[in-house]
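Here are some exercises on a ligand and the spaces around it. Have the viewer open, try each task, and then follow the solution.

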Amino acid sequence: MGKPNTSNRKPSNRSANHDGDGIASSSRTKEIIRKHHFTFKKSLGQNFLIDHSVLDQIIAAAELDSTSGALEVGPGIGALTEKLAEAAGKVAALEIDRRLIPILSEVMEPHPHVNVILADVLKTDLKQLWAEQFTGCSKVSVVANLPYYVTTPIIMKLLEEQLPLENIVVMVQREVAERMAASPGGKQFGSLSIAVQYYCEPELVCVVPGGAFIPPPNVESAVIKLKRRQKPAVDVTDEAKFFHVVQTAFSQRRKTLANNLSALSGKDRKGELSELLIACEVQPERRAETLSLQEFARVTEALEAKGMLNVSH
Ligand code: SAM
């Protein structure tokens, strides 16, 4: 829909809504759905937000202003898009479901600085999208009520592609939000926590009950804010090797660190591996979930120095 909009216009104060409630009101959402004979696709994670206070918390967490850009993944019928249009100078919204494009086109009509794009976010060249959509914006945030079936791949793509983004504010399954924000030592701490915390500072914004959506998802949800760090949380010479060590350490959670990491060093070098871990002040019998990012970084550098890592990029 529409040509890429390169100029940053002032956010519009006009609401797309005829009764002042915005798209997210339950009655307006139902009306739009009825009018367009829209049927929800569970396979696309379609649970639309109908709670203004949750939307307002998402918008407040994103800290947008009239010079900012916002990328929304999965606008649905535009409940969040409408609020983004009011808060940001430029909005690009990627929607995979072709049936939603004419609806969005209609409801976003009062907001010319919103560009709806029919696309699968996972197949989109985001660097190019940034250049086309957000040139001239003072900062860009990703703000979305994510489709839960692809939460982790979307987050990982946003983090790994080194995009110039300020923060990510997203609705996800509560359990996934808790894993992203988890500290070492608990069951929820794992490779997702480390990947997220390497690049960002996570902050749980709010827990959201099923009743905030149409239809209600059968899991609890939460909004999480990931504030991008100026530089990664730990210094490593090779990120790919660091994440490979982390993945390997968590490959079998019940096993000790030494047992899991012997997959990298080779079984015949297990004694040497134990000595290396002790020299890093990490006891070999610890479980991966107890290690901090700093300890993982230390272990990675030591394994690399001893030629015990063989990672192809
Ligand atoms: N933002 C709307 C709201 O809050 O009411 C809808 C959120 S709904 C949870 C997720 C949306 O993501 C749906 O509109 C769905 O069609 C869309 N979607 C699913 N997979 C997608 C993908 N790979 N790329 C882009 N959009 C996707």
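The exercises below go from the ligand to the pockets and then to the cavity.

This is a predicted model, where local features need pLDDT of at least 70, side-chain atom pairs count only at pLDDT 80 or more, and totals for chains, interfaces and linings use all residues. Residues are numbered from 1 along each chain as its sequence is written, and side-chain values use heavy atoms, with hydrogens and water left out.

**Exercise 1. The ligand**

Find which residues come nearest to the ligand, and list its polar contacts with Glu-72, Gly-76 and Asn-145.

Step 1. Collect the residues near the ligand (a heavy atom within 4 Å of it). There are 22 of them, and Leu-49, Gly-74, Glu-95, Asn-145 and Tyr-149 come nearest.

Step 2. Sort this shell by class, with Ala, Val, Leu, Ile, Met, Phe, Trp, Tyr, Cys and Pro as nonpolar, Asp, Glu, Lys and Arg as charged, and the others, Gly among them, as polar. The result is 12 nonpolar, 6 polar and 4 charged residues.

Step 3. Look for polar contacts (pairs of N or O atoms within 3.5 Å). The side chain of Asn-145 places a polar atom 2.9 Å from a ligand oxygen. Glu-72 has a side-chain N or O atom 3.1 Å from a ligand nitrogen. At Gly-76, a polar backbone atom is 3.3 Å from a ligand oxygen.

Step 4. Check the cover, using accessible areas from the Shrake-Rupley method with a 1.4 Å probe. The ligand exposes 600 Å² taken alone, and the protein buries 99% of that.

**Exercise 2. The pockets**

Which residues lie nearest the centre of the largest pocket?

Step 1. Define the search: on a 1 Å grid over the protein atoms alone, a pocket is an open set of points with protein on both sides within 12 Å along at least five of seven lines, and lining residues have an atom within 4 Å of a point.

Step 2. Read off the lining of the largest pocket: 29 residues, with Val-73, Gly-74, Glu-95, Asn-145 and Pro-147 nearest its centre.

Step 3. Add the volume, about 380 Å³. The ligand takes up the space of this pocket (more than half of its atoms lie within 2 Å of the grid points).

Step 4. Turn to the second largest pocket, with a volume of about 230 Å³. Its lining has 13 residues, and Lys-42, Gly-45, Asn-47, Pro-217 and Asn-218 are the closest to its centre.

**Exercise 3. The cavity**

Which residues line the largest cavity?

Step 1. Search for cavities (points where a 1.4 Å probe fits but cannot get out). The whole structure has 1 cavity of 30 Å³ or more.

Step 2. Name the lining: Val-236, Thr-237, Asp-238, Lys-241, Thr-300, Glu-301 and Glu-304.

Definitions and conventions: A polar contact is a pair of N or O atoms within 3.5 Å; within protein, one must be able to donate a hydrogen and the other to accept it, and residues adjacent in sequence count only if both atoms are side-chain atoms. Grid points are joined across faces, edges and corners, and a volume is the space filled by probe spheres set on the points.
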